[in-house]
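Biologist: Could you take a close look at a single part of this model for me, and then walk outward from there? I would like the cut-offs spelled out as you go.

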Amino acid sequence: MTLPTKVAPTIHTSAAQPATPSTTPWSAPDNQRDSGQAVVELKNAELAFGDRVLWRDLNLTIREGEYFAVLGSNGTGKTSFLKVLLGLLPLTRGTVSVTGERPGAASRHVGYVPQQRGFSPRTPLRARDLVAQGIDGHKWGIRLRRRAVNERVDELLDKVGAGDYANAPVGLLSGGEQQRLRIAQALATDPELLLCDEALLSLDLNHQYIVSELVNQQRVDSGSAVVFVTHDINPIIDHVDRILYLAGGSFKIGTPDEVMRSEVLSELYGADIEVLRSNGRIIVTGRPDNTHHISSQEGLIP
Amino acid sequence: MIPTQVDWDSIVDSVFVFDNYGELLVLLSNSLWAGALLGLVGGLVGTFVMMRDLAFSVHGIAELSFAGAAAALLIGSDIVTGSLLGSVLAALIIGFMGLRARDSNSFVGVLMPFGLGLGILFLSLYEGRSSNKFSLLTGQIVSVSPVQLTSMIVLSIVVVAGLLIAWRPLTFASTDPVVAEARGLPVRTLSIVFMVLLGISVAMSVQIVGALLVLALLITPAAAAMNLTVAPARIVVLSVVFAELSMVGGILLALGGSIPISPYVTSISFAIWLVTRVIRGFRERGSSYRRGGSEKDPHGRGQDAHLHGQGPQGLPVPVSNVRG
């Protein structure tokens, strides 16, 4: 495996015109914002826990083939945003639809890649069993179509380059290997929407690159929309079309060039923030809560 | 029974008795069938108990099952119903208190002595045959009435059918709850349903092997199976085979003597576990284990070893083990 050579952030330049009312004067040529099926639609969405409003008046349409990143520090509602799309958390106001359906009902069209947590070494699953659960783990009864499922599993494992350890216990695989399996598992139903929850966290650079490429591959090949929740945009900066940046109750939506700017983030945080660009990477300094957390406490299960 | 000098011959004679074995076998065929049923149920349920890391909960449920049975004995009611009520109630309480093992462990620790204490209270108030008392804790001397057998058949059908119907979602939710929930599975409901099935299985086991030794049937066979393989289907088959060997084997050995059935069952099941553990130890030394048979992956995996410091259940994970 070679380390990726970083290229400057690509701005996707398909023929569409700027459509969202982005106020920035130098709005970059826009991607497929206007064309294609709406995969995620939020209208006047608000999410609050008691008095604490995470975000309100969120209007957002994510279309097929779009790579959408959700950024922000801990506690700004990134994971809650994902939970809303998964149908695990209701909005306090407004509406949300995923592939035209109520979020929970759309789960077969949604692939979910969780944060790498590490399985206990004695977890009674082989790599292929983990992937197989993505295919038919939700169906009642016992597995009867073994051969068909096995063939599909092999196909998926090949796709993510995990064929070598198909029969290894998942608990003994490295974090990077486990995340490859997670991608394979999420792709099992050929989803229209791929939700990634800090999917690169705690991976080494090499595997960050590999996993990030695999996610993008699915978008390119099948036109899936990608919603990638992360606190660090750099590993995916080459692919991202738009960003939802959450900070302390307010948010900003736009292309990386529109959002990742000193004045925009300073306004968002109400503090002096500096955004530096170096060699294609974006570094945000002065963020009040700039913490890189190793294991998030915001898992889906309490 | 124990004189100043230990009489080994008489001990061996009372542990292994095979007089009139053929006749006994016919007389006590009910017990054999009950044991076979229990082996099946224990082997199946045990795999999920292991997946969900519920060993401790099983012990807690068993104590409350014991309290329920003792209460039934005291008021002259049906012991099976009593133990069922006690264990299903305990299972439900534990299920609602904590979805994950970590949350419920301390709660089980609180519940368990309370159940045991209650049971002892009821037993000491009870003035009937004392052998009944003892059998609830340590298992009975083989005698299963036709009525008891019928109730066990019905309960077994309920448990096995429930597990078969919920098989894939339950496996998914047990091994990978975060993704299972994201996939739209009713993780919490599945957990409660499993606790009910577990409660029923524990109540069945308490009648035969006794409250203190339920783990030998619900944990040990599955744990032994997991020593040998991580392939889910093979685990289930092996677990059932081991449980049957322990149960039926234990009954066959216990038939002639006056000793309760449980020491035989627990010894066989422990012996099986020991053998599998040794096999696992040898295998893990072999380099092919981690790769599932294929050659070792060259790129370094020491880099994120620190992340494995804690497993999903909060169990400390030996890093050396992870790295194979």
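Modeller: Happily! Leaving aside residues up to four places away in sequence, L42(A) touches L58(A), N59(A), L60(A), G94(A) and V96(A); a contact here means that two C-beta atoms, placed from the backbone, lie within 7 Å. This is a predicted model, in which local features need pLDDT of at least 70 and side-chain atom pairs count only at pLDDT 80 or more, while totals for chains, interfaces and linings use all residues. Residues are numbered from 1 along each chain as its sequence is written, and chains are lettered from A and ligands numbered from 1 in the order in which they are written.

L42(A) sits in strand 1 of chain A, residues 38-49. Strands (E, at least two residues) and helices (H or I, at least four) are DSSP runs, numbered from the N terminus. L42(A) counts as buried because it has 23 C-beta neighbours inside 10 Å; the cut-off for buried is 20 or more other C-beta atoms within 10 Å, for exposed 12 or fewer, with partly exposed in between, and the C-beta atoms are placed from the backbone. T61(A) is 19 residues from L42(A) in sequence, yet their C-alpha atoms are 6.4 Å apart.

Now to a sheet in chain A. Six strands form an open sheet with mixed pairing, in the order 5-6-7-3-8-9; two strands pair if DSSP finds at least two bridges between them. Its edges are strand 5 (110-113) and strand 9 of chain A, each pairing on one side only. On average, neighbouring strands of this sheet are turned by 15° against each other, direction ignored. Such angles run from 0 to 180 degrees between N-to-C directions, with axes fitted to C-alpha atoms, for helices over the stretch in contact.

Within the sheet, strand 3 (residues 67-72) and strand 7 (residues 225-229) of chain A pair in the parallel sense over four bridges, and V70(A) has V229(A) in strand 7 as its bridge partner. Strand 8 (residues 242-247) and strand 9 (residues 250-254) of chain A pair in the antiparallel sense over five bridges, with K252(A) in strand 9 as the bridge partner of Y245(A). Strands 8 and 9 of chain A form a hairpin with two residues between them, and G248(A) in the turn has a positive phi of about 40°.

Finally, helix 4 (residues 175-187) of chain A lies across strand 5 and strand 6 (193-197) of chain A, running at about 170° to strand 5.
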